[in-house]
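User: I have a chain to go through with you. Can we take it piece by piece?
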Amino acid sequence: MHRLPAPLLVPLYLSIFLLSAFNVPAAGDEDNPFTPKAFLSRYWNKEVWNDLPKPTFLFSKASPLTAVQSAAFAKLAAQNTLSSRLPQFCSAANLLCFPDLAPSLAKHNKDSNFAVYSNRNFTTYGSKRAGGIDSFKNYSNDENIFVDSFRRYSHGALSHADRFSTYGIDTNVPDQGFNTYASKAIGGNGKFTTYEQSTNVPNLRFTSYSTDATGRSQVFKSYSENANAGDQSFANYGKRGNGGPNEFSAYGTNANVIGSGFSSYGSDGNGANDTFTNYGNEQNDPQNHFRSYGEGGNAAIESFSSYRDQANVGDDSFQSYSKNSNSAKVNFANYGKSANVGSDKFSGYGQNGNAQSVGFKIYGVNTTFKDYAKRGISFAQYSNVNSGGAKMSVNGSLAQRWVEPGKFFRESMLRKGTVMAMPDIKDKMPKRSFLPRSILSKLPFSSSKLGVMKKIFHAEDNSSMETMMTETLRECERAPSAGETKRCVGSVEDMIDFATSVLGRNVVVRTTENTKGSKGNIMIGAVKAVEGGKVTKSVSCHQSLFPYLLYYCHSVPKVRVYEAELLDPRSKANINHGVAICHLDTSAWSPSHGAFIALGSAPGRVEVCHWIFENDMTWTVAD
């Protein structure tokens, strides 16, 4: 046997590492028994005690790393130096990582039109501009994971106009920050029209926006309509501003679980004029928080018209709103007339104000006023009903806006020949892969280690990545519900361990075969009830948003699981093989759950069935 001289071994090993780090697989690695996929195959054979075919849809999510890559990155993780190779690691391991924006100090003195751009850093852009207009039209549209930073944009500008039109449409997990935007500007205006429409999990931040500005107007029209989840924050927006009108029109209409935060908005401002028209209408479970809004302001005029109208549930809190203000005028008209009752909290509202006028006209139900100003307040046609009051009726069209047709259905629908609506079961999450256990075991996963995790994945403060990590950790660390067993898993091996710990070693995992039939009508063909249709328990696994593929898995008691051939209702051709799960005990579910809106029922009164969506899965004991 010939051996290479020792001096030649070091550069050889180094070249292999560099090749692996830049995602160039070593020759013949597909047959290497030390790859993560090869290890997974052996692990399945050892832990799952049946001869059923391995689930290809699950194995396809295993880490694509080669044996050399896996060993190299595991070593970096053990040494806490993985962050130094993050771009290579993310690329090779198929992870969700945001690009590191390069700093930009370029100055722009001419009108600009940005179309079909993304992942840019607009720092000090338009600063001290006199007049002119910049347009961002069709910017970052149809993008998957993009980051834009507008820092000190239009700072100190004079009569400068900005236009954000059809910006970020149909995007996935966008991250945009407007820091010190238009601060100390005089005159001019900014318009956000059809901004971030139909986005998935947006994270939009306006920090110190228009601070110390004079006479600059802002318009947010059709902003974040039809968006899904995500958060938007306006911190120190218009602080110490002078006479600048702000208009929020059709903001967040038809959005799903959007959170908005207005912190120190317009505080210490003079002559502020803010209008919220059709804000949050027809949303599903919106969360809006106004904290120290207009505090210490002078002669402000605030108008909330048709705010959160016909929304489903939702919560608003106004803390220290217009506190210590002078001559403030605030009008709430048709506020909070939710079709399903939400909650509103006014704490310290208008407290210690001088010569203020606040009017509530045709206001919604279930509201708490604490430490509220005792003078200058009028209530007209106020529906003051406690939380146990009558629930507003929901018509069919509103129910369909909040809950997609076919998303929930009754068990009786799973009969051959039934024609029913099929929801959009396509996976909206960014495509990612599991990590091999050899790397995963060396990475922290705890709220107490969030700072370390942010460093590894280059997550800036208040960024989408930080929010994503925080919320996922919170859900994973949440105490289980009564009778629930749960675990978050970042490797297939961990998922196997959890499923077999609940169901035993003789298990099978299923998912709907493809997405054909989505957003249309389907006909039910042959139906098979798993385990003969007896009431059983399962382990359901749903994706969570995280840099690597992470699933929230939990035991689901008292269910029946079905497999069904799905047919084209016209041609009767077989187009899909669906997997459905029916929850027989819904007594512990929230009354505002979408299933009860769709089915017109309440907790514990009906069973609720739904399809297993793309890339979700359910484990049961094998037949």
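User: Start at Asp623. Buried or exposed?
Analyst: This is a predicted model. In it, Asp623 is exposed, with a relative accessible area of 55%. The cut-off for exposed is over 50%.
User: Which residue does Asp623 form a salt bridge with?
Analyst: Lys528. The closest N and O atoms are 3.4 Å apart.
User: What does that pair tie together?
Analyst: Lys528 lies in strand 25 and Asp623 in the segment after strand 30, so the salt bridge ties together parts 95 residues apart in sequence. Lys528 itself is partly exposed, at 42% relative accessibility.
User: Which residues do shared salt-bridge partners join into one network?
Analyst: Arg437, Arg487, Asp494 and Asp497. Within that group, Asp494 and Arg487 have their closest N and O atoms 3.8 Å apart. Asp494 is buried at 11%, whereas Arg487 is partly exposed at 34%.
User: How many salt bridges are there in the whole structure?
Analyst: The search finds 17. One of them joins the side chains of Lys46 and Glu47, at 2.5 Å from N to O. Glu47 is buried, with a relative accessible area of 10%. Lys46 is partly exposed at 49%.
User: Switching to strands. How many residues of strand 26 are buried?
Analyst: Seven of its nine, so under the 20% cut-off the strand is mostly covered. Strand 26 spans residues 536-544.
User: Which strands does strand 26 pair with?
Analyst: Strand 27 is one, antiparallel, with eight bridges. The two form a hairpin with five residues between them. Strand 30 is another, also antiparallel, with three bridges.
User: And Val539, what stands opposite it in strand 30?
Analyst: Trp619. In strand 27, the bridge partner of Val539 is Ser555.
User: Now helix 4. How far does it reach?
Analyst: Helix 4 covers residues 67-78 and reaches 17 Å from first C-alpha to last. That is close to the 16 Å expected.
User: Which of its residues are buried?
Analyst: Ala67, Gln69, Ser70, Ala72, Phe73, Ala74, Leu76 and Ala77.
User: What comes just after helix 4?
Analyst: Asn80, which takes a positive phi of about 60 degrees.
User: Last topic, the chain as a whole. How many helices and strands?
Analyst: 11 helices and 30 strands. Of the 623 residues, 52% count as buried. The accessible surface is about 27000 Å², with 51% belonging to carbon and sulfur atoms.
User: What about contacts?
Analyst: Take contacts between residues at least 6 apart in sequence. Among these, 76% join residues at least 24 apart.

Methods: Residues are numbered from 1 along each chain as its sequence is written. This is a predicted model: local features need pLDDT of at least 70, side-chain atom pairs count only at pLDDT 80 or more; totals for chains, interfaces and linings use all residues. Side-chain values use heavy atoms; hydrogens and water are left out. Helices (H or I, at least four residues) and strands (E, at least two) are DSSP runs, numbered from the N terminus. The expected span of a helix is 1.5 Å times one less than its number of residues. Buried means under 20% relative accessible area, exposed over 50%, partly exposed in between (1.4 Å probe, protein chains only). Two strands pair if DSSP finds at least two bridges between them. Contact means heavy atoms within 4.5 Å. Accessible areas come from the Shrake-Rupley method with a 1.4 Å probe; for residues, only the protein chains shown count as cover. A salt bridge is a side-chain nitrogen of Lys or Arg within 4 Å of a carboxyl oxygen of Asp or Glu.
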